[in-house]
Amino acid sequence: MKKVLALFTMLSFFVSLSMAQTAATATATKQKAKKEVSKTATDAAAQKKEAAAAKKEAAAAKKAAKAEAATAAASGAKLKKDGTPDKRYSAAAKTTATETKAAAVTKKEAAVKTVTANTPGLKKDGTPDKRYKAAATTAPAAATTTTKAATTKGAAAAAVKDYKPTVDRSIKGPNGEEILTGPRGGKYYINKNGNKTYVKREG
């Protein structure tokens with residue numbers, strides 16, 4: 001009898017343990033399902049919000065296109081079938097404007113070249129060439145310097161030509177020649193060939 005009782009007690013214990021585990025598993029499953037439902041609801045709300053934003057952007061783009069078409073129509077621009085401006089025509093207008101500008105620049109460059117060719121002292125771009133100014137300024141100065149040098153040289157040559165040597169009687173040549181003093185203070189004597197022979201100065 002005791003054995004039957006013990007067996008019954010053990011069986012009850014295992015049954016209650018398994019029931020507790022089943023209840024815990026059911027609770028966990030219920031919580032997990034609740035979280036998934038909440039997440040699904042959040043995702044649905046986010047998608048709904050994104051759809052609303054996309055719809056709003058599409059409406060704004062449509063409104064902007066409509067305003068652009070109205071502006072283009074008012075300015076007399078060409079329009080496509082859907083009412084938007086035809087950019088091919090505006091590109092053609094831009095190309096024409098660019099060509100006109102390029103022609104004006106070319107004309108200006110030609111005029112500058114003509115002026116440069118007819119006016120010495122200008123660069124190719126029409127600005128003054130400072131080298132010419134410097135040359136014009138330097139040339140008179142160089143001419144003045146050359147004139148001064150020529151004058152000084154001529155005066156020195158005239159002074160040398162007009163100079164009459166003096167006889168230095170304090171010394172004699174190797175063969176008793178007279179020692180003369182030149183215009184610059186040099187001492188010399190006339191040798192037997194009639195040439196000047198300078199005497200070294202004694203230190």
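Two strands pair if DSSP finds at least two bridges between them. Keep that in mind for the exercises below, which all use a predicted model.

**Exercise 1. Find out how many helices and strands the protein has, and in what order they come.**

Step 1: Count the elements. You should get 3 helices and 4 strands.

Step 2: Now read along the sequence. The pattern is α-α-α-β-β-β-β.

Step 3: Look at the protein as a whole. Of its 203 residues, 8% count as buried. It exposes about 17,800 Å², and 63% of that comes from carbon and sulfur atoms.

Step 4: Check the contacts between residues at least 6 apart in sequence. Of these, 0% join residues at least 24 apart.

**Exercise 2. Work out in which sense strand 2 pairs with strand 1 and with strand 3.**

Step 1: Start with strand 1 and strand 2. They pair in the antiparallel sense, over 4 bridges. To see one bridge partner, go to Val-167 and look across to Leu-180 in strand 2.

Step 2: Move on to strand 2 and strand 3. This pair is antiparallel too, with 2 bridges, which just meets the cut-off of at least two. Here Thr-181 has Lys-187 in strand 3 as its bridge partner.

Step 3: Look at the turns. Strand 1 and strand 2 make a hairpin with 5 residues between them, and Gly-176 in its turn has a positive phi of about 85°. The hairpin of strand 2 and strand 3 has 5 residues between the strands as well, and there Gly-185 takes a positive phi near 95°.

Step 4: Stay with Gly-185 for a moment. This glycine sits in the loop between strand 2 and strand 3 and is partly exposed, at 24% relative accessible area. Its C-alpha atom is 10.0 Å from that of Thr-166, a residue 19 places away along the chain.

**Exercise 3. Locate the salt bridge and say which parts of the chain the pair ties together.**

Step 1: There is 1 salt bridge in the structure, so your search can stop once you have a Lys or Arg side-chain nitrogen within 4 Å of an Asp or Glu carboxyl oxygen.

Step 2: Go to Asp-168 and Lys-187. Their side chains meet at 2.9 Å, N to O.

Step 3: Place both residues. Asp-168 belongs to strand 1 (residues 166-172) and Lys-187 to strand 3 (residues 187-190), so the salt bridge ties together parts that are 19 residues apart in sequence.

Step 4: Look around Asp-168. Its relative accessible area is 18%, so Asp-168 is buried, given that buried means under 20%. The side chain of Asp-168 also has a polar contact of 2.7 Å with the side chain of Ser-170. Ser-170 is found in strand 1 and counts as exposed, at 62% relative accessibility.

**Exercise 4. Describe the surroundings of Glu-177, a buried residue with no salt bridge.**

Step 1: Find Glu-177 in the loop between strand 1 and strand 2 (178-181).

Step 2: Search for a side chain of opposite charge. The nearest one is Lys-192, 9.1 Å away, while a salt bridge has to be within 4 Å.

Step 3: See what the Glu-177 side chain does reach. It comes to 3.0 Å from the backbone nitrogen of Asn-175.

Step 4: List the residues it touches, leaving out those up to four places away in sequence. For Glu-177 they are Lys-172, Tyr-189 and Ile-190.

Conventions:
Residues numbered from 1 in each chain as written. Predicted model: local features only at pLDDT ≥ 70, side-chain atom pairs only at ≥ 80, totals over all residues. Heavy atoms only, no water. Buried < 20%, exposed > 50% of the residue type's maximum accessible area, 1.4 Å probe, protein only. Contact = heavy atoms within 4.5 Å. Areas by Shrake-Rupley, 256 points an atom, 1.4 Å probe, with all protein chains shown as cover. Lys, Arg positive; Asp, Glu negative; His and termini not counted. Polar contact = N/O pair within 3.5 Å; in protein donor to acceptor, adjacent residues only side chain to side chain.
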